[in-house]
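Here is a walk through one protein model, with an eye on rings, charges, a helix and a sheet. Keep the viewer open as you read.

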Amino acid sequence: MNQKLRVGILGATGMVGQRFIALLEEHPWFEVTTVAASPRSAGKSYEEAVGGRWKMTTPMPQGVKKLVVMNVNEVEKVASQVDFVFSAVDMSKEEIKAIEESYAKTETPVVSNNSAHRWTPDVPMVVPEINPEHFEVIESQRKRLGTKRGFVAVKPNCSIQSYAPVLTAWKEFEPYEVVATTYQAISGAGKTFKDWPEMVENIIPFIGGEEEKSEQEPLRLWGKVEDGVIKKSDCMTITTQCIRVPVLNGHTAAVFVKFKKKPTKEQLIEKLNAFQGLPQELDLPSAPKQFIRYMEEDNRPQVALDVDYENGMGVSVGRIREDSIYDFKFVGLSHNTVRGAAGGAVLCAETLKAKGYIQAK
C-alpha cells in the first residue's frame, strides 16, 4: 500500500485509547491522524490532555503528542478528517450506540472496543480467527443505516479470549458443557495499581456484567448469519465466575470441558498448535504467526512470563489433563488490553480492509 489509511481514535485519552495509539505507532497500513475525546480535553494537545495519565509502558509516540484533541461529539468535523475510526469512548451504553451509529452514517466505518453494539443483530462481533464470515452482515446493517461505506463492527469481551479460541480449535470433538473461572487483570477496568491501591494483595470476586458476557458472547461468535442478522449458537452451555486479581495485564482462565466425542490429550494439543484462521492465511500485520500454543511445563502459562506471547496477540494454554467429573480441564492466558481490546480491534480492522470493507474515502 502506498498511502496509509487515516485513522481517528474516539476516546483517545483513556487506557484503551492509549493502547490503540501505542499499537498503531509504525503500523504499515494505518496512521493515527485524529484524536478525539470529551469536551474537557478538546482544544488541548494530546500530550497536554493526557498529562500524567499515560498508562503504557512504552513512551507516548512523538507523532501524536502535538495532535490537537477534537471534541468527540462533533461527529461531522471528526469524520471529515479520517477514513475510519476506532471507538473506545467512555459513555453510557445508549450514548455509545448513538454516537457510533452517527459516525457510521457519515460514511465512516467504526471498529469498536465497546460492548454497546455486541448484541445489535446486524453488527458483527468478531475474533478474526474464529468468525470472519460474520462481516457479511455489514451489508444488511448498511441498508438499515442508509449508508454505502459506513458501518459499526465490534470485538468481543476481553474475558473470553483465553478460552473461546481454544474451544473453537476443538469444535470437531463437540464440546457441550463448560465451566470457566477467569482471573482478570486490573487494566481490564482501565486501572493501574497507582489508580487502584486497594487491589494490591487483594482479590475481588465480582466484576459487574462480566459473567453474563463470558457465558453468552462465545455463543454469538459461533452463531450463523441468517436473514441479515446473526443468530447465536446453542451448541454449548457455559457457566463462569469472574474474579479481579492483583495483576496489571493478562486474563487467566481455569476451564473444565465435557465433549460429545471424547478426544485424547494428544489430539487436543495437536488441534491447538495447528489452529489457524484468516489472519494467518492473509499474513495480516497484527496477526500472530501461531495463534494458540500449548505449553508442556506444569507451571505454565504464567502472566509474568507469557502474557506478551506473539506481541500480546497470541493465546497460551497449559495443564490439559483428564478430570474426575468433566472430560478435560486446562488453563488459558491472553493479554486483555492487546488481544482482548485494542489489538483485537486492530486485527478486525486489518481483516475488514483486506476484505474491502474499509477503504480510503
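## A tyrosine to start with

Is Tyr 326 buried or exposed? Tyr 326 comes out as buried, at 15% relative accessible area. Bear in mind that this is a predicted model.

Tyr 326 has company. Its ring and that of Phe 256 have centres 6.2 Å apart, with the planes at 65 degrees, so the two make an edge-to-face pair. The pair bridges distant stretches of chain: Phe 256 belongs to strand β11 (residues 251-259), while Tyr 326 is in the loop between β13 (315-322) and β14 (328-334), 70 residues apart. Phe 256 is partly exposed, at 29% relative accessibility. There is also a charge to look for here, since the charged end of Lys 258 sits over the ring of Tyr 326, 4.9 Å from its centre.

## Other aromatic contacts

In total, the model contains 12 aromatic pairs. One of them is Phe 151 with Tyr 357, an edge-to-face pair at 6.4 Å centre to centre and 75 degrees between the planes. Here too, distant parts of the chain are linked: Phe 151 is in the loop between α6 (138-145) and β6 (152-154), Tyr 357 is in the segment after α12 (338-354), and 206 residues separate them. Phe 151 is buried, with a relative accessible area of 0%. Tyr 357 is buried as well, with a value of 14%.

Elsewhere, Phe 20, Trp 29, Phe 30, Phe 84 and Phe 86 make up one aromatic cluster. And if you like a charge over a ring, go to Trp 119: the charged end of Arg 220 sits over its ring, 5.8 Å from the centre.

## Salt bridges

Now for the charged side chains. The model has 20 salt bridges. Take Lys 65 and Glu 47, whose side chains meet at 4.0 Å, N to O. Lys 65 is in helix α3 (residues 62-65) and Glu 47 in helix α2 (residues 46-50), so this salt bridge ties together parts 18 residues apart in sequence. Lys 65 is buried, at 18% relative accessible area, whereas Glu 47 is partly exposed, at 31%.

Arg 144 and Asp 122 make another salt bridge, with their closest N and O atoms 2.6 Å apart. Arg 144 sits in helix α6 and Asp 122 in the loop between β5 and α6, so parts 22 residues apart in sequence are tied together. Asp 122 is buried, at 7% relative accessibility, but Arg 144 is partly exposed, at 42%. For a bridge with both partners exposed, try Asp 283 and Lys 289, which meet at 3.3 Å, N to O. Asp 283 has a relative accessible area of 51% and is exposed, and Lys 289 is exposed at 58%. There is a network to find as well: Arg 293, Glu 297, Arg 300 and Asp 306 are joined by salt bridges that share partners.

## Helix α5

Which residues of α5 are buried? They are Ile 96, Ile 99, Glu 100, Glu 101, Tyr 103 and Ala 104. An α-helix has 3.6 residues a turn, so residues three or four places apart point the same way. The buried residues of α5 pack against β1 (5-10), α4 (75-79), β4 (84-87), β5 (110-112), α6 and β6.

The helix itself covers residues 93-105, 13 residues in all, and spans 18 Å from first C-alpha to last, close to the 18 Å expected at 1.5 Å a residue. After α5 comes Glu 107, which has a positive phi, near 70 degrees.

## The six-stranded sheet

Several of the strands that α5 packs against turn up again in an open sheet of six strands. Its order is β3-β2-β1-β4-β5-β6, and the pairing is parallel. β3 (70-71) and β6 stand at the edges with a single partner strand each, so one side of each has no neighbour in the sheet.

Strands of a sheet pair through backbone hydrogen bonds, either parallel or antiparallel. At the β3 edge, strand β2 (residues 30-37) and β3 run parallel and are joined by two bridges. To find the spot, look for Ala 37, which stands opposite Asn 71 in β3.

Definitions and conventions: Residues numbered from 1 in each chain as written. Predicted model: local features only at pLDDT ≥ 70, side-chain atom pairs only at ≥ 80, totals over all residues. Heavy atoms only, no water. Phe/Tyr/Trp six-rings, centres within 6.5 Å; stacked < 30°, edge-to-face > 60°. Helix = DSSP H or I, 4+ residues; strand = E, 2+ residues; numbered from the N terminus. Buried < 20%, exposed > 50% of the residue type's maximum accessible area, 1.4 Å probe, protein only. Lys NZ or Arg CZ within 6 Å of the ring centre and 35° of its normal. Expected span 1.5 Å × (residues − 1). Contact = heavy atoms within 4.5 Å. Pairing = 2+ DSSP bridges.
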